[in-house]
Amino acid sequence: MHILVINPNTTASMTAKIGEAARAVAAPGTVITAVQPANGPVSIEGYYDEAFCIPGVLEEIARGEANGVAGHVIACFDDTGLEAARSLARAPVVGIGEAAYHVASMLGHRFSVVTTLSRSIPCLEVNLLKYGLDRRCARIRAAEVPVLELENPASDAARRIGEEIERAKAEDHADAIVLGCAGMADLAAVLSERHGLPVVDGVAAAVKLVEGMASIGLKTSKRGGYAPPGPKVYRGIFADAAPKG
Ligand code: 5HY
């Protein structure tokens, strides 16, 4: 099967890292294509960045659908554009945040999230409420590491994330940890080994969930909020994105 993995930001090195993490867990016969939009922010840190990455995400989803992919992964921990993508797609669409939360909730009673900056926390709190998993999340912590610092080999990001993991174990009584950024995908195994508890990377979790759903023929519902957008005129730079119905 063919799975499209979309990095919603426009940093190619992060797209490559995400693609590598996805291929590391993909089943034999699963082809991973990792892409990023041509336009948009180099990293997504808060609501304003999110808004400007969504049109690009939806363009990639439309391209994936036209190419007949078995499923899509939105590889931004905020799950940016997830609902709009699901209304556009017939194949399953999984956000790495939602995937990681669900997997962590099946590995321990309480999990904590370690994300990049504090400004990203409110969006994640809203997502947990939307997904019905807020009661399983002990706390969302920020390592105060800018997203692009994760691309800097000389940064102390892994150490700072590790410090938050130790605080989550001691103060939150977390049984498992969720890494709150796609850019952390390469750290999960070493952090899990170092800190002695499950550390979930949403990219890997999302790829396996898409594989699982696609392998049993499950597709996104086209009822209710996920019904295809009706035909409509869109003006200006979005004219070509107008739903044809
Ligand atoms: C992400 N930002 O996964 C999010 C996470 C964050 O550019 N990719 C980004 O830190 O908000």
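Visitor: How far from an oxygen atom of the ligand does a polar side-chain atom of Ser120 lie?
Guide: This is a predicted model, in which local features need pLDDT of at least 70, side-chain atom pairs count only at pLDDT 80 or more, and totals for chains, interfaces and linings use all residues. Residues are numbered from 1 along each chain as its sequence is written, and side-chain values use heavy atoms, with hydrogens and water left out. With a polar contact taken as a pair of N or O atoms within 3.5 Å, the distance from the polar side-chain atom of Ser120 to the ligand oxygen is 3.1 Å.

Visitor: How much of the ligand's accessible area does the protein cover?
Guide: Accessible areas come from the Shrake-Rupley method with a 1.4 Å probe. On its own the ligand has 300 Å² of such area, and the share covered by the protein is 100%.

Visitor: Which ligand atom lies 2.7 Å from a backbone N or O atom of Ile44?
Guide: Ile44 is among the closest of the 13 residues that surround the ligand, where being near means having a heavy atom within 4 Å of it. Asn9 places a polar side-chain atom 3.0 Å from an oxygen atom of the ligand, whereas the partner of the Ile44 backbone atom, at 2.7 Å, is a nitrogen atom.

Conventions
A polar contact is a pair of N or O atoms within 3.5 Å; within protein, one must be able to donate a hydrogen and the other to accept it, and residues adjacent in sequence count only if both atoms are side-chain atoms.
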